[in-house]
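User: Please go through the assignments made for this model and explain the reasoning behind each of them.

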Amino acid sequence: MMSTLHAGSGRGIEGLEAVRALNFEMTLDRMEELLSTPDPMLLEVGCARGWFLERAARRGLRIEGIEPSPDSDRDADAGLIIRTGYFPEALGERDSYDAIVFNDVFEHLPDPVAAIVEVERRLEPGGLAVLNLPSSDGAVFRIARCLHRFGLAGLYRRLWQKGMASPHITYFNQGNLRCFVERHTGLRQVCASRMAVLTREGLWDRIGSTWPGVAGLVIYPVAWLASFVLDWLPSDAILAIYRKDRHGSRG
């Protein structure tokens with residue numbers, strides 16, 4: 001699914017650190033199982049405050065990040081190599097990596113075809129393209145789409161992040177994402193799994209950053225109760241990892 005919203009950049013939503021910590025550790029676990037290169041080099045596109053990079057560095061990975069937002073939005077951490085700008089313009093022409101990671105970023109890109117083609121070009125043979133993104137097969141997305149058809153568009157617009165600094169341009173699920181990647185590149189899927197969507201830790205800040213005041217007071221208990229059942233329903237966040245042919249070469 002593709003929207004007509006205009007791409008932009010901006011700070012993330014408050015209250016997401018707990019759920020992202022869970023997802024980042026899961027992503028790194030999967031990557032460690034799949035990476036076979038000694039001393040691999042990782043690039044995170046849209047690294048925001050550097051939370052994922054910090055966790056990757058603790059595991060001994062060499063890391064770089066790209067982030068278009070100002071440095072003042074980033075948590076201070078000496079040793080993080082973060083380039084200011086957009087992918088791939090912020091890179092050198094011959095820069096290449098063993099893994100390129102998009103954490104809640106790929107769905108914001110104005111030209112996903114050009115992005116995934118460039119990802120393949122920048123990967124070393126056997127390298128991994130790692131995509132963590134929202135799913136159109138998720139339970140909340142399906143409910144929101146149904147409500148939208150009956151004229152209740154608030155939740156659906158929120159999931160597309162309409163009116164926010166960096167709205168969602170695309171919505172994929174595991175099936176059509178695989179078709180998309182394999183149609184435009186030679187990358188092949190090696191991992192597909194669900195990710196955490198909601199944690200009670202940080203939930204109030206997360207709700208308040210989007211729905212301040214009375215609206216947040218109404219939505220918070222609903223979201224709190226939903227956090228107990230969402231793990232049993234189709235997830236609204238997915239992880240998909242693709243590998244470049246080990247015998248391939250950069251274009």
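The exchange below takes up the sheet, the aromatic pairs, the salt bridges and a surface patch in turn.

User: What kind of model is this, and how are the strands of its sheet ordered?

Analyst: The model is a predicted one. Its open sheet has seven strands in the order 3-2-1-4-5-7-6, and the pairing is mixed. Strand 3 and strand 6 each have a single partner strand, so they stand at the edges and one side of each lacks a neighbour in the sheet. On average, neighbouring strands of the sheet are turned by 15° against each other, direction ignored.

User: What makes the pairing in this sheet mixed?

Analyst: In general, strands of a sheet pair through backbone hydrogen bonds, either parallel or antiparallel. Strand 4 and strand 5 pair in the parallel sense over six bridges, and Ala 99 has Leu 128 in strand 5 as its bridge partner. Strand 5 (residues 123-134) and strand 7, in contrast, are antiparallel and share seven bridges; here Pro 134 is partnered by Ala 237 of strand 7. Strand 6 (residues 188-194) also runs antiparallel to strand 7, with six bridges between them, and Cys 191 has Ile 241 as its partner in strand 7. Two strands count as paired if there are at least two bridges between them. The bridges number six for strands 4 and 5, seven for strands 5 and 7 and six for strands 6 and 7, so each of these pairs meets the criterion of at least two.

User: How do you know that strand 7 is largely enclosed?

Analyst: Seven of the seven residues of strand 7 (residues 237-243) are buried, so the strand is largely enclosed by the rest of the structure. Both of its faces are covered. On one side the buried residues are Ala 237, Leu 239, Ile 241 and Arg 243, and on the other they are Ile 238, Ala 240 and Tyr 242.

User: Why is the pair of Phe 87 and Phe 102 called edge-to-face?

Analyst: The search of the whole structure finds eleven aromatic pairs. For Phe 87 and Phe 102, the ring centres are 5.9 Å apart and the planes stand at 90°. The centres must lie within 6.5 Å for a pair, and planes over 60 degrees apart count as edge-to-face; both conditions are met, so the name applies. Phe 87 is in the loop between strand 3 (82-84) and strand 4 (97-103), while Phe 102 is in strand 4, so the pair ties together parts that are 15 residues apart in sequence. Both residues also belong to one aromatic cluster, formed by Phe 87, Phe 102, Phe 106, Phe 172 and Phe 180.

User: Are these two rings buried or exposed?

Analyst: Buried means under 20% relative accessible area. Phe 87 has 14% and is therefore buried, and Phe 102, with 1%, is buried as well.

User: What makes the contact of Arg 20 with Asp 104 a salt bridge?

Analyst: The closest N and O atoms of Arg 20 and Asp 104 are 3.6 Å apart, and the limit is within 4 Å, so the pair qualifies. Arg 20 lies in helix 1 (residues 17-34) and Asp 104 in the loop between strand 4 and helix 3 (112-122), so the bridge ties together parts that are 84 residues apart in sequence. The whole structure holds 13 salt bridges.

User: How is the pair of Glu 64 and Arg 83 placed, and which of the two is buried?

Analyst: Their side chains meet in a salt bridge at 3.0 Å, N to O. Glu 64 in strand 2 (residues 62-67) and Arg 83 in strand 3 are 19 residues apart. Glu 64, at 12%, is buried, whereas Arg 83, at 24%, is partly exposed.

User: Why are Glu 118 and Arg 121 said to be about one helical turn apart?

Analyst: They are three residues apart in helix 3, so about one helical turn separates them. Their salt bridge has its closest N and O atoms 2.9 Å apart. Glu 118 is buried at 15%, as is Arg 121 at 18%.

User: Which residues make the nonpolar surface patch?

Analyst: Ile 143, Leu 147, Leu 152 and Leu 155 make this patch of about 330 Å². Leu 155 is placed in helix 5 (residues 154-159) and counts as partly exposed at 30% relative accessibility.

Definitions and conventions: Residues numbered from 1 in each chain as written. Predicted model: local features only at pLDDT ≥ 70, side-chain atom pairs only at ≥ 80, totals over all residues. Heavy atoms only, no water. Patch = residues over 30% accessible without salt bridge, like charges linked within 9 Å, V, L, I, M, F, W, Y side chains within 5 Å. Areas by Shrake-Rupley, 256 points an atom, 1.4 Å probe, with all protein chains shown as cover. Helix = DSSP H or I, 4+ residues; strand = E, 2+ residues; numbered from the N terminus. Buried < 20%, exposed > 50% of the residue type's maximum accessible area, 1.4 Å probe, protein only. Phe/Tyr/Trp six-rings, centres within 6.5 Å; stacked < 30°, edge-to-face > 60°. Axes fitted to C-alpha atoms, helices over the stretch in contact; angles between N-to-C directions.
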